[in-house]
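Reader: Before we discuss the salt bridges and the burial of residues, could you put the sequence and the model in front of us?

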Amino acid sequence: MADEDRQIKYIKVGMEFTNTVTKRILDNLEGQEREEQLDIMKNIQTDYIRMEHEYNTSKHVLAKLKKGLEVENADINKDVEAEYRERLKEELAGSRLQEDDLRSDPRYLQLEGIISGSQPLGDDDLVMTEESETFIDPWSRKPIAEEPVTNRKCKHTYEKATVMKFLEKHSKTRKALKCPIMGCGNNNITAADLYTDPEIKRKVARQNRGGK
């Protein structure tokens, strides 16, 4: 467990350091050099996201392999290492992160927020926007203009058209869609979890009328 925690810690520290370096680039560089360095930071962040995904996949494969060995009473003639490599290869091939997956990851959105000068929505920001009756779609970062839907699990609200678009893309790759709100632990949004909250729908309609 300690080794596992250490590996995840290294990845998280790397992501945080990438954000810190990005801020320094914004403060100290200009022009083409600045843009080139920011692109490098984006690539580094996506590499960390991939690294985390591959590590979590390897843990999943190990857990399944261990369970299988227990059922089979640990066949001593079995090449466990070769089977692990083969299963891991299959799992990674079937769950490979696409560009859309990377760009919708909360950590990548946070980096984009730093670069654009607007931080991604967190729970505190969400409360503030709801109190002022301004509902922002966390993917597009624009005010919800059409139909809002709320997640039963985490209670976060999205633009229906946007979340359904992402659900369709993820269903084709059979990957879970994470809630993009920073700090949210909901790692599997499903269409069944989404519902229309009459009160939020009323507030969004009022928001789109300019508060009238």
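Author: A residue is called buried when its relative accessible area is under 20%, exposed when over 50%, and partly exposed in between, using a 1.4 Å probe and protein chains only. This is a predicted model, in which local features need pLDDT of at least 70 and side-chain atom pairs count only at pLDDT 80 or more, while totals for chains, interfaces and linings use all residues. Residues are numbered from 1 along each chain as its sequence is written, and side-chain values use heavy atoms, with hydrogens and water left out.

Reader: What percentage of the residues of the protein count as buried?

Author: The protein has 212 residues. By the cut-off of under 20% relative accessible area, the share that counts as buried is 35%.

Reader: Which residue forms a salt bridge with E99, the closest N and O atoms being 3.1 Å apart?

Author: A salt bridge here is a side-chain nitrogen of Lys or Arg within 4 Å of a carboxyl oxygen of Asp or Glu. E99 is partly exposed, at 41% relative accessibility, and its partner lies four residues away in helix α4 (residues 99–103), about one helical turn along; helices are DSSP runs of H or I, at least four residues, numbered from the N terminus. The partner, with its closest N and O atoms 3.1 Å away, is R103.

Reader: Is D193, which meets K153 in a salt bridge, buried or exposed?

Author: The side chains of K153 and D193 come to 3.4 Å, N to O. K153 counts as exposed, at 52% relative accessibility. D193, by contrast, has a relative accessible area of 11%, and therefore is buried.

Key. Helix = DSSP H or I, 4+ residues; strand = E, 2+ residues; numbered from the N terminus.
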